Amino acid sequence: MLRVYLEVIRIRFLMMLAYRVYYYSGVINYSLNIGVYYFLWNAVYGGATSLNGMTAVQMATYIAVTWMSRAFYFNNLDYEIAAEIREGQVAVQLIRPYQYLLVKAAESLGEGLFRLLLFSAPGLIIVSLVLPIQLPSFGSVWMKFALSLFLGFLINVQVNLLIGVLTFFFLNNQGLLRAKRVLVDLLSGVVIPIPFYPEWAQAILSFLPFQAISYLPSITLVKGLDGESFIQAIGIQLIWVLVLCLPILVLWAIAKKRMTVQGG
Amino acid sequence: MLSICARGLTKEFRVFQSRSGLLGAFRDLWNRNYRIIRAVDHIDLEIYQGEMVGYIGENGAGKSTTIKMLTGILEPTSGDLTVNGYHPHRQRREFVKTIGVVFGQRSQLWWDIAVKESFRLLQKVYRVHDEQYEKHLRRMIEVMDIGNLLDQPVRKLSLGQRMRCELVAALIHQPSLLFLDEPTIGLDVLVKDNIRRFLKEINQEFRTTILLTTHDLSDIEALCSRVIMLDQGRIIYDGDLQRLRSKWGSGKKIHLAVEENVSLKQLEKYTEGLAVTWSKRTERKVSAVLNHDTPVSKVLACLVERIPIQEVQIEEDSTEEIVRKIYQGGETNA
């Protein structure tokens, strides 16, 4: 069965190659974002060396790493599932002997790997030449980052699956999809690092899965988390991976029972 | 062996019924009215291995809903259903390995990548061994003449080209049961012929059971030995095409042009003992309506020696006319 999912990953990789313009526009989009947020935070720091426990250099590094990580974990799985449900294409998915949601997850991994190899890695090298950022030298911290980033990817996929499957119940949930996209960027620490939120907001965020998508992996690399704090970060991510399985499986089971196929 | 066995198969949908007007729209926000629609209503089906069955009915008769239950996509509201020995919905992942499905209006190939990549992915999905895959696929590619399409992405194919590829894709794992939901919709005559020939071949060679829904009755005439007709979710006819004709078609008609004037009395005398009704259209043109069991040859045999005939024309209701009659008349006439 694993071979099927490997093949799915490969196919998605090919599909990404088929859309080069989409890829190039992504490069521009991400460089702009990194630039904008770099100068914005530069202004916020205004010469101060450290704010909320982050130095200016750490902040610049955080911005670069966060956006390059986002290139890896970000995908439009929720939109794709919603479209397949709306157009009735889900019928075709169900006549194949595989787990629809797992295949979707594998597809997004193919997409993520494509962007990691052709986008994030070279991008991070280029950014490190242009902006004054400090990446740790190659060593165990990169392995920790890789593990944490992969878990962040899984959690993002799960959130997307959950929102996507909700389409079965609402049939048109464009609003929800859009709100989710903004919320994930805002609450996962891409737009504002978690320590810059007020205390009460931080308390709430610590009970939400979003910080585990982006903030935890990025901070693992930027601050070089080790020992107990790293174990704690990974632990939080693992818990979310497990917890999120439950609503997805329940909703999917109900959805399959109540399924109506749109459009004949 | 039974491919499909259904008893009292029923599917109901709950549809939201909106109230009219602005006020109604506001009331819909608080409580909604639902209506139960029974798309498929207690149907019994028995289809044996190797049969080719045409499943016809008006739009909205419940054909597609039935297919979706038979393929495991929808769960029946009630009734027993066994297909290829499985319960399609509950044992979906095991079951779908034994069937192939072509939806004429949806593509099951991956839109943005080359056709052969789709085939390869399907090979992995169905876990077909390389050797068997190569052999089987090469032959299908040859018969369907899609060899030069394999490197193109699906989105660049014409409908006819895509449909041939779809059919090959549905058969990669050599399923014992093939569902075709309007497979020839929008195709030209040549492609239709090609597809029909191919279907006949695999049916004969592998004894593949084929269930076909279509609005094009020439598909059925070309392929199916058996027709099941659905109306408002219920089966109103199940049997061979020949019987459908004789049951609902008016009998054959013979039109004659004769050299000299003959009276109806004379004609009736010549064909005495045969169930024939004569009528005269013009001076030298007469017509006979035959009962179902009166052979044309016998009627002609009675006449040729007695009157000089210039021209003979034999007319028969087309399947399409018969089906139109049934659709219009609904179940009461059937």
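In the predicted model, B:H129 is exposed, because 9 other C-beta atoms lie within 10 Å of its own, and a residue with 12 or fewer such neighbours counts as exposed. This histidine belongs to the loop that runs between α4 (115–125) and α5 (130–144) of chain B. B:H173 is 44 residues away from B:H129 in sequence, and the two are 9.5 Å apart in space, C-alpha to C-alpha.

Chain B contains an open sheet of six strands, arranged in the order β5-β6-β7-β3-β8-β9 with mixed pairing. At its edges are β5 (99–103) and β9 (234–240) of chain B, each of which pairs on one side only. From one strand to the next, the twist of this sheet averages 15°. Strands of a sheet pair through backbone hydrogen bonds, in either the parallel or the antiparallel sense.

Within the six-stranded sheet, strand β7 (residues 209–213) of chain B is mostly covered, with five of its five residues buried. The side chains alternate in direction: B:T209, B:L211 and B:T213 point one way from β7(B), whereas B:I210 and B:L212 point the other way, and all are buried. Strand β6 (residues 177–181) of chain B pairs with β7(B) in the parallel sense over five bridges, and B:L177 stands opposite B:T209 in this strand. Strand β3 (residues 52–57) of chain B is also parallel to β7(B), to which it is joined by four bridges. There, B:M52 has B:I210 of β7(B) as its bridge partner.

The pairing of strand β8 (residues 226–231) of chain B with β9(B) is antiparallel and comprises six bridges. One of the bridge partners in β9(B) is B:D240, which stands across from B:R226. Helix α9 (residues 241–248) of chain B packs on the sheet and touches β8 and β9 of chain B. The direction of α9(B) makes about 110° with that of β9(B).

A further open sheet in chain B is formed by three strands in the order β2-β1-β4, with antiparallel pairing. Strands β2 (33–48) and β4 (78–83) of chain B each have a single partner strand and stand at the edges, so one side of each is left without a neighbour in the sheet. The twist of the three-stranded sheet averages 25° from one strand to the next. Strand β1 (residues 2–17) of chain B runs antiparallel to β2(B), and twelve bridges join the two. Among the facing residues, B:F16 stands opposite B:Y34 in β2(B). Helix α2 (residues 63–70) of chain B packs on this sheet, where β1, β2 and β4 of chain B are touched. The direction of α2(B) makes about 120° with that of β1(B).

In chain A, helix α7 (residues 140–165) and helix α11 (residues 215–222) pack at an angle of about 175°, with their axes 8 Å apart. Angles over 145 degrees count as roughly antiparallel, and α7(A) is therefore roughly antiparallel to α11(A). On the α7(A) side, the contact is made by A:V141, A:K144, A:F145, A:S148, A:L149 and A:G152. These residues meet A:L216, A:P217, A:T220 and A:L221 in α11(A). By class, the contact between the two helices has six nonpolar, three polar and one charged residues.

The contact between chain A and chain B takes 21 residues from chain A and 25 residues from chain B. On the side of chain A that touches chain B, the elements giving two or more residues are α1 (2–18) and α5 (90–94) of chain A. Of the elements, α1(A) gives the most to this side, with seven residues. By class, this side of chain A has 13 nonpolar, four polar and four charged residues.

In soluble globular proteins, nonpolar side chains tend to be buried together. The largest nonpolar core of the model has 136 residues, and those with the most contacts inside it are A:I63, A:A64 and B:V168. Leaving aside residues up to four places away in sequence, A:I63 touches A:I34, A:Y37, A:Y38 and A:W41. Another core, of five residues, lies apart from the largest one and includes B:V276, B:A288, B:L290 and B:V299.

Conventions: Residues are numbered from 1 along each chain as its sequence is written. Chains are lettered from A and ligands numbered from 1 in the order in which they are written. This is a predicted model: local features need pLDDT of at least 70, side-chain atom pairs count only at pLDDT 80 or more; totals for chains, interfaces and linings use all residues. Two strands pair if DSSP finds at least two bridges between them. Axes are lines fitted to C-alpha atoms, for helices over the stretch in contact, and angles run from 0 to 180 degrees between N-to-C directions. Two residues are in contact if their C-beta atoms, placed from the backbone, lie within 7 Å. Ala, Val, Leu, Ile, Met, Phe, Trp, Tyr, Cys and Pro count as nonpolar, Asp, Glu, Lys and Arg as charged, and the others, Gly among them, as polar. Angles under 35 degrees count as roughly parallel, over 145 as roughly antiparallel, 65 to 115 as roughly perpendicular and the rest as oblique. A nonpolar core is a set of buried Ala, Val, Leu, Ile, Met, Phe, Trp, Tyr and Cys residues joined through C-beta atoms within 7 Å. A residue is buried if 20 or more other C-beta atoms lie within 10 Å of its own, exposed if 12 or fewer, and partly exposed in between; C-beta atoms are placed from the backbone.
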